[in-house]
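Student: Could you take me through one part of this model up close? I would like to see how its pieces sit against one another.

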Amino acid sequence: YLAYEHEQGGDFSKAQDVYIELTDKWPKSRFIANAYLAFGEFYFNQAQGNPSLWDNARKAYDTVLKYPAPENKLWGYAAYKLGYVYWNQGEYGKSIDEFRKVIEFGTQYPQLPNAKGLAKTARRDIIPVYALSGDPGKAYAFFKPLSEKQDDPGTYGMMEDLGLNLL
């Protein structure tokens, strides 16, 4: 909580010091995933201007994912941000895989905070990445199990968005 308070106050250096202390001294704490998520967010934001930091963000988010859901309520968000890391690094296949995992997470754990919203957002964000690297001829089969209700209207909506992205 102290690290979070430092973050909210804009003192990211002190926040990082507290998170590092947490990870070093209390590696079994239930807040470890929170600490690594904070590291991921820090590096993600810094990587916008310094692409050499994308790998640091990736490693931090990967560490959050080592703590499984549903106990780790941050799992879906970390996977979502990891999808963006890969997208920014031009690793579109990995980005698509992460967004797909977020959709599956939201479907499997709809009772977790923000799980449904993350899945909905991942459904939207997977489309432009697929447009960059996926096979349009296989798109319907790819999107059908990922559409919200796994029905034709939901899949056709994703296909329409894909078409717009391809244009």
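Tutor: Let's start with helix 5 and helix 7, which pack at an angle of about 15° with their axes 11 Å apart. At that angle, helix 5 and helix 7 are therefore roughly parallel to each other. Helix 5 passes helix 7 in a left-handed crossing. Please keep in mind throughout that this is a predicted model.

You can find the contact by looking for Gly76, Tyr77, Tyr80, Tyr84 and Trp87 on the helix 5 side. They meet a set of residues in helix 7 that includes Leu118, Ala122, Asp125, Val129 and Leu132. Sorted by class, the contact of helix 5 with helix 7 has nine nonpolar, two polar and two charged residues.

Now turn to another partner of helix 5. Helix 4, residues 54-65, packs with helix 5, residues 75-88, at an angle of about 155°, and their axes are 9 Å apart. That makes helix 4 roughly antiparallel to helix 5. Here too the crossing is left-handed, with helix 4 passing helix 5. On the helix 4 side, Trp54, Ala57, Arg58, Tyr61, Asp62, Val64 and Leu65 take part. Among the residues they meet in helix 5 are Trp75, Ala78, Leu82, Val85 and Tyr86. This contact of helix 4 with helix 5 counts 11 nonpolar, one polar and three charged residues.

Between these two helices there is a loop worth a pause. Pro70 has its place in the loop between helix 4 and helix 5, and a cis peptide bond joins Ala69 to Pro70, with omega about 5°. Asn72 is found in that loop between helix 4 and helix 5 too. Is Asn72 buried or exposed? Asn72 is buried, because its relative accessible area is 6% and the cut-off for buried is under 20%. Setting aside residues up to four places away in sequence, Asn72 touches Ala33, Val64 and Tyr67. You have already met Val64, on the helix 4 side of the contact with helix 5. The C-alpha atoms of Asn72 and Asn34 are separated by 9.1 Å, although the two residues are 38 residues apart along the chain.

For a contrast, try the loop between helix 6 and helix 7, where Asn114 lies. Asn114 counts as exposed because its relative accessibility is 62% and exposed means over 50%. Asn114 also has a positive phi of about 70°, although it is not a glycine.

Next, look at how the helices share an interior. In soluble globular proteins, nonpolar side chains tend to be buried together. The largest nonpolar core here has 37 residues, and Tyr61, Val85, Phe105, Ile126 and Phe143 touch the most other members. Helix 4, helix 5 and helix 7 are among the helices that each supply at least two residues of this core. A second, separate core of nine residues includes Ala15, Leu22, Ala38 and Phe39. To explore the largest core, try Ile126: leaving aside neighbours within four places in sequence, Ile126 is in contact with Ile96, Phe99, Arg100, Phe142, Phe143, Leu146 and Met158.

Finally, step back to the whole chain. The chain has nine helices and zero strands, and 39% of its 167 residues count as buried. Along its principal axes, the C-alpha trace spans about 50 × 35 × 25 Å.

How values were computed:
Residues are numbered from 1 along each chain as its sequence is written. This is a predicted model: local features need pLDDT of at least 70, side-chain atom pairs count only at pLDDT 80 or more; totals for chains, interfaces and linings use all residues. Side-chain values use heavy atoms; hydrogens and water are left out. Axes are lines fitted to C-alpha atoms, for helices over the stretch in contact, and angles run from 0 to 180 degrees between N-to-C directions. Helices (H or I, at least four residues) and strands (E, at least two) are DSSP runs, numbered from the N terminus. Angles under 35 degrees count as roughly parallel, over 145 as roughly antiparallel, 65 to 115 as roughly perpendicular and the rest as oblique. A crossing is left-handed if the near helix is turned anticlockwise from the far one by less than a right angle, and right-handed if clockwise. Contact means heavy atoms within 4.5 Å. Ala, Val, Leu, Ile, Met, Phe, Trp, Tyr, Cys and Pro count as nonpolar, Asp, Glu, Lys and Arg as charged, and the others, Gly among them, as polar. A nonpolar core is a set of buried Ala, Val, Leu, Ile, Met, Phe, Trp, Tyr and Cys residues joined through side-chain atoms within 4.5 Å. Buried means under 20% relative accessible area, exposed over 50%, partly exposed in between (1.4 Å probe, protein chains only).
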